[in-house]
Amino acid sequence: MHEILKVENLRVGFDLARGRSHIVNGLDLTLKEGHLIGLVGESGSGKSVAASAILGYVRKPGTIEAGKVIFDQTVALHELGEEELVRYRGKEIGLIAANARNHLNPLMTVGEQIANVYMAHNPCKKKEAMERAVEMLKAVGLTDPEQRARAYPHELSGGMAQRCMIAMALINMPRVLIADDATNGLDVTVQAQIMDLILQLLGQRNMSGIFITHDLGVVAQCCTEIAIMYCGQIVEFASVEQLFEHPVHPYTRHLLNALPEYRDATVQTASGEALIDTMNLPEGCLYHPRCPWADKMCTGEDPGSVEVEPGHLVKCCRTGQTDGKEAS
């Protein structure tokens, strides 16, 4: 199947007062056309930084240290300058950011902001762009879209503001949509409405997407594949069915075991700190300080990804050996 977006060995670091913090550490991810990948991991695992790096949004003190980002099998986004990248942001790849109020300009109406995104990629007059903005506000389910277009962000509820962000991300009909925790901060009912809306619009426009979240339950309902991310790496990648029926990586099993409906008595509690020190990464497998099955081989070289079944990749030294018994 056609690969619409491919990320290889992506690495991102930040220069801080105490030293260099390594946030994304060799990310590999392939998105196929028409598919929706759920990118799942704890807060601090590098999900949002990876999304920004794909679009070249990383700014000082952060830098993209290495990696390739290939769009539509031919366009090397990582080789493009800022002016060239602008042609792809919002046009070919749309981004829905979390916390809409933090990303909407408080000094402009939401209609103007959405219209500006349209005008940036389409030669047209402002009147036409505003008409398109109103059409998109209607498409995302806002009542009285003409009035909403004249509103400022502070005049909207959290759910309304998030719908405006979705309209902005989709107004140019991008081929890929990256939703970065798009339901964060919304109540449960509004979260469900926003998720249904995103899925409906993706289906109508035959888009591909990456849905970034920490909620496995959400991606289980809507995604085709799940990528489990830990410390800036994809440690397990599989279809939704494969991952829930046969989770392999210890971190994946720990995440699943946190779900009330998925309790596995053979899974031992993760040890150590909640997250490792990104300024002093451990040797070998990055998860081994927390893994109850870790042994000496886990502290050696970085483990590569192993295909345990077709389409199911796992990055673990002891693949197939984590049977519930702690290593001696």
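Let's start on the inside: the largest cavity is walled by His 249, Pro 250, Cys 285, Tyr 287, His 288, Cys 291, Trp 293, Ala 294, Cys 298, Cys 316, Cys 317 and Arg 318. Keep in mind that you're looking at a predicted model. Sort that lining by class and you get 9 nonpolar, 2 polar and 1 charged residues. The space inside this largest cavity comes to about 60 Å³. Searching the whole structure turns up 3 cavities of 30 Å³ or more.

Now for the pockets. The largest pocket holds about 580 Å³, and 23 residues line it. If you want to find its centre, look for Tyr 57, Leu 95, Ala 97, Met 165 and Met 168, which are the lining residues nearest to that point. The elements giving two or more residues to this lining are α1 (47-54), β6 (93-96), α4 (110-119) and α7 (158-170). Its class tally runs to 13 nonpolar, 8 polar and 2 charged residues.

Next up is the second largest pocket, with a volume of about 500 Å³. Here 28 residues make up the lining, and Asp 28, Leu 29, Thr 30, Phe 237 and Leu 313 sit nearest the centre. At least two lining residues apiece come from β1 (3-16), β2 (19-32), β10 (233-239), β11 (305-309) and β12 (312-315). Of the contributing elements, β10 gives the most, supplying 7 residues. As for chemistry, the lining of the second largest pocket splits into 9 nonpolar, 9 polar and 10 charged residues.

Definitions and conventions:
Residues are numbered from 1 along each chain as its sequence is written. This is a predicted model: local features need pLDDT of at least 70, side-chain atom pairs count only at pLDDT 80 or more; totals for chains, interfaces and linings use all residues. Side-chain values use heavy atoms; hydrogens and water are left out. On a 1 Å grid over the protein atoms alone, a cavity is a set of points where a 1.4 Å probe fits but cannot get out, and a pocket is an open set with protein on both sides within 12 Å along at least five of seven lines; lining residues have an atom within 4 Å of a point. Grid points are joined across faces, edges and corners, and a volume is the space filled by probe spheres set on the points. Ala, Val, Leu, Ile, Met, Phe, Trp, Tyr, Cys and Pro count as nonpolar, Asp, Glu, Lys and Arg as charged, and the others, Gly among them, as polar. Helices (H or I, at least four residues) and strands (E, at least two) are DSSP runs, numbered from the N terminus.
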